[in-house]
Amino acid sequence: MSADVAAADDCGHHGRLLPLDDALASYGREVRVLATETVALTQALHRVLAEPVTAAVDLPMFTQSAVDGYALRAADLAAATDAAPQRLPLSGEVRAGVAPTAALPAGQTWRIFTGGRLPDGADTVARQEIVERDGDIAILRDALPCGTDVRDRGEELRAGSTLATPGQRVHSGLLAALAMAGVASVAVRRAPRIRVLVTGDEVATSGAPGEAGVFDANGPLTRAWFSEHGYAAPRIDYVVDDRAALEAAMRDALADSDLLLTTGGVSVGDHDLIRPVATDLGVREVFWQVAQKPGKPLYFGVRDDGAQRRLLIGLPGNPGAVLMGLHLHVAAILSQLQGEAEPAPHWRDGRLAAAVRADAREQLLRMTLRIDSDGQVWLERLGRQASHMLSNLSAATALVRIPAGTALDTGAHVRWLGL
């Protein structure tokens, strides 16, 4: 990353800057949804569904007890009172996972445990807290309505009911619901193939960076970000500011990816080579330079290789801008690639805990959030917001959008993304 990168990000621009909303909208026009594949449900976490998913069985699959207690017939307790309790012989037991082999005789009761299949003839369960025992006799002092503490077959849903729809991302709760409903496999969008190129002569990939270098933050940042968002850790290559080296690395990465992410080399310095090299490799530029701070010199392009569309997003080299680009732009691209029904970014509403002054570009500020007793989210700006700074990330929990040219007072409503 040349010395011109930081200056170009904060001091002037070349040509018209693309509004942030226009940049985000371009992903919806340019990104093609990935193909569909069928995977085992156990492999579907974080994937996006491509087809509706229906229950394979009724839930519950059979009529069962909701508690530990005693299976019986409600009619056998109709006359039970405290003064004249009903005494029912205990003649069997039903454990969870073991099907009854006979029907419950009238006038008797069976011990049953939570989830146990209700035997034929039984229609009610008396929870053990209300039952007295005298050896093999169960004593009950009150009548119970028919169906008490019974889970009826199919009361939650019936086989064939829709449980999930295309565009839903599979999280742990949905995965559990599908497993319980007997779903063994699902149709999902193919996982995107992602490559990362970290560029810059100054980036030290190992050991001390020397007197004019820097420790690598962008490699660990991008690797961790993709992993924590459910993607396979991408291959990361480091490229010096040399045109031939960059061209070779980009050619290889474009041929082997759905999305190529680069850091550094997208501004206006003599060694900012991403744009010209991308053009030489047949990438069509969709936009360059966005009216946002940090991350103005953002690049997005596409290359069509037959039926395959390759995407290239070039982020500035400063790690604060990379972080913003990941949470906002890369997340939006991945959301479109996988066909999410509600594509990212997913903005939330909050209020400023302190005033924020205006800037000529939209600001994306790192803040902390707190929730008051009324459930209102309050956001407070952190210090050290420059695009080369990351130290405030130990406290930052939100990326807050501040409109261009607008000074906002304490209590002003804003939109934010979680960090």
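**Exercise 1. Find the residues that touch the most other members of the largest nonpolar core, and say which elements build that core.**

Start with the membership: in this predicted model, the largest nonpolar core holds 41 residues. Within that set, the ones touching the most other members are Tyr27, Phe226, Ile313, Val330, Ile333 and Leu334.

Next, map the core onto secondary structure. Three helices, α2 (20–30), α4 (218–228) and α7 (319–337), each give at least two residues, and so does each of the strands β13 (194–199), β17 (259–263), β20 (299–305) and β21 (308–315). Top contributor? That's α7, with 11 residues.

As background, nonpolar side chains tend to be buried together in soluble globular proteins.

**Exercise 2. List what Tyr27 touches beyond four places away in sequence.**

Take Tyr27 and skip everything up to four places away in sequence. What's left is Phe287, Leu298, Phe300, Ile313, His329, Ala332, Ile333 and Gln336.

Now step away from that core. There's another one apart from it, with 18 residues, including Val239, Leu246, Ala249 and Leu254.

**Exercise 3. Is Arg251 buried, partly exposed or exposed?**

First locate it: Arg251 sits in helix α5, which runs over residues 243–255. Then check the number. Buried needs under 20% and exposed needs over 50%; Arg251 has 43% relative accessibility, so it counts as partly exposed.

For a spatial pairing, go to Gly282: it is 31 residues from Arg251 in sequence, with 9.8 Å between the two C-alpha atoms.

**Exercise 4. Do the same for Gly160, and find its contacts outside the local stretch.**

Gly160 belongs to the loop between β10 (150–151) and β11 (162–164). Its relative accessible area is 46%, so Gly160 is partly exposed.

Drop the neighbours within four places in sequence, and Gly160 is in contact with Thr54 and Ala55. As for Ala181, it lies 21 residues from Gly160 along the sequence and 9.8 Å away, C-alpha to C-alpha.

**Exercise 5. Compare the overall dimensions with a compact globule, then describe the fold by numbers.**

Begin with the radius of gyration: the protein has 31 Å, whereas a compact globule of 419 residues would be near 22 Å. The C-alpha trace spans about 95 × 50 × 40 Å along its principal axes.

Then count elements: 7 helices and 26 strands. On burial, 47% of the 419 residues count as buried. Of the contacts between residues at least 6 apart in sequence, 71% join residues at least 24 apart.

Finish with the surface and charges. About 19000 Å² is exposed, and carbon and sulfur atoms supply 50% of that. The 41 positive and 51 negative charges have mean positions 2 Å apart.

Key
Residues numbered from 1 in each chain as written. Predicted model: local features only at pLDDT ≥ 70, side-chain atom pairs only at ≥ 80, totals over all residues. Heavy atoms only, no water. Helix = DSSP H or I, 4+ residues; strand = E, 2+ residues; numbered from the N terminus. Rg over C-alpha atoms; globule rule 2.2 N^0.38 Å. Buried < 20%, exposed > 50% of the residue type's maximum accessible area, 1.4 Å probe, protein only. Contact = heavy atoms within 4.5 Å. Areas by Shrake-Rupley, 256 points an atom, 1.4 Å probe, with all protein chains shown as cover. Lys, Arg positive; Asp, Glu negative; His and termini not counted. Charge placed at Lys NZ, Arg CZ, Asp CG, Glu CD. Core = buried A, V, L, I, M, F, W, Y, C linked by side-chain atoms within 4.5 Å.
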